[in-house]
Amino acid sequence: MKTIHQLGIYLDHASANLIDFTDTDKENQTIISEFDIQDKHETLQRSESEMHHKEQDKQRAYFKKIATLAIGYNELILFGPTTAKTELLHFLQKDNSFGKIKIDTENTAKMNLQEQEFFVWGHFKKSDFKNS
C-alpha cells in the first residue's frame, strides 16, 4: 500500500509552520518571510508603488520556499487567520507540479504550535476516516 504524505501549513504573511503529518518524528519547519516592517518603512519613504513591488517580490520568494518543501506531499492543508493561505493556494495552483496534489484551506484563529499540530492531526484523521 502506498503511503500518503500529508503536510499541514499554518501561515500568515510573516511566517509559516510546516507540520509533517506522515512522519511524526520529523521536526516541524518554519519559514520566515523576508518582507518585514523595516522594509515597509524604508520603501514607503521612497514610494508606495516601490513598496508594493518589493512586497510582491518578497512574498513570491516566501511562497516559493514553502512550495519547494511541500512538493513531495500528496495532501496539504493550508490554514491560519489571514488571507495568506488563499494567496499561497493561488500561487500553488499556477505551478503544474501541484496539479495532482490535494490542497484544502481552512480559516482558523491564531494558534500556538501545539494547537497547530492538533489541528493538522484532526484534519488528516478526519480525512482518513472519510476515505475508509
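Let me start with the largest nonpolar core, which in this predicted model has 21 residues, and in which Ile9, Leu11, Ile66 and Leu76 are the residues with the most contacts inside the core. If we ask which elements give two or more residues to this core, they are β1 at 6-11, β2 at 15-20, α2 at 48-70, β4 at 75-80 and α3 at 84-93. The largest share comes from α2, which gives five residues. There is also a second core, separate from the one just described, with eight residues, among them Tyr10, Ile77, Phe79 and Phe124. As a general background remark, nonpolar side chains in soluble globular proteins tend to be buried together.

Leu76 is a useful residue to follow from here. Leaving aside residues up to four places away in sequence, Leu76 touches Leu7, Ala70, Leu92, Phe98, Ile101, Lys102, Ile103, Asp104 and Phe124. One of these contacts takes us into the sheet, since Leu76 stands opposite Ile103 in β5. The two strands concerned, β4 and β5, run parallel and are joined by six bridges.

Now to the sheet as a whole. In what order do the five strands lie? The order is β3-β2-β1-β4-β5, in an open sheet with mixed pairing. The edges are taken by β3, at 29-32, and β5, at 102-107; each has a single partner strand, and so one side of each is left without a neighbour in the sheet. On average, and with direction ignored, neighbouring strands here are turned by 20° against each other. Against this sheet we can place one helix, α3, which lies across β1, β4 and β5 and runs at about 150° to β4. I would point out that α3 also gives at least two residues to the core with which I began.

Let me step back to the chain. Its secondary structure comes to four helices and five strands, and from the N terminus on the elements run β-β-β-α-α-β-α-β-α. Among contacts with a separation of 6 or more, 66% are accounted for by residues 24 or more positions apart. How much of the chain is made up of buried residues? They make up 35% of the 132 residues. As for the outside, the accessible surface of the chain comes to about 8500 Å², and 51% of that surface belongs to carbon and sulfur atoms.

Key:
Residues are numbered from 1 along each chain as its sequence is written. This is a predicted model: local features need pLDDT of at least 70, side-chain atom pairs count only at pLDDT 80 or more; totals for chains, interfaces and linings use all residues. Side-chain values use heavy atoms; hydrogens and water are left out. A nonpolar core is a set of buried Ala, Val, Leu, Ile, Met, Phe, Trp, Tyr and Cys residues joined through side-chain atoms within 4.5 Å. Buried means under 20% relative accessible area, exposed over 50%, partly exposed in between (1.4 Å probe, protein chains only). Contact means heavy atoms within 4.5 Å. Accessible areas come from the Shrake-Rupley method with a 1.4 Å probe; for residues, only the protein chains shown count as cover. Two strands pair if DSSP finds at least two bridges between them. Axes are lines fitted to C-alpha atoms, for helices over the stretch in contact, and angles run from 0 to 180 degrees between N-to-C directions.
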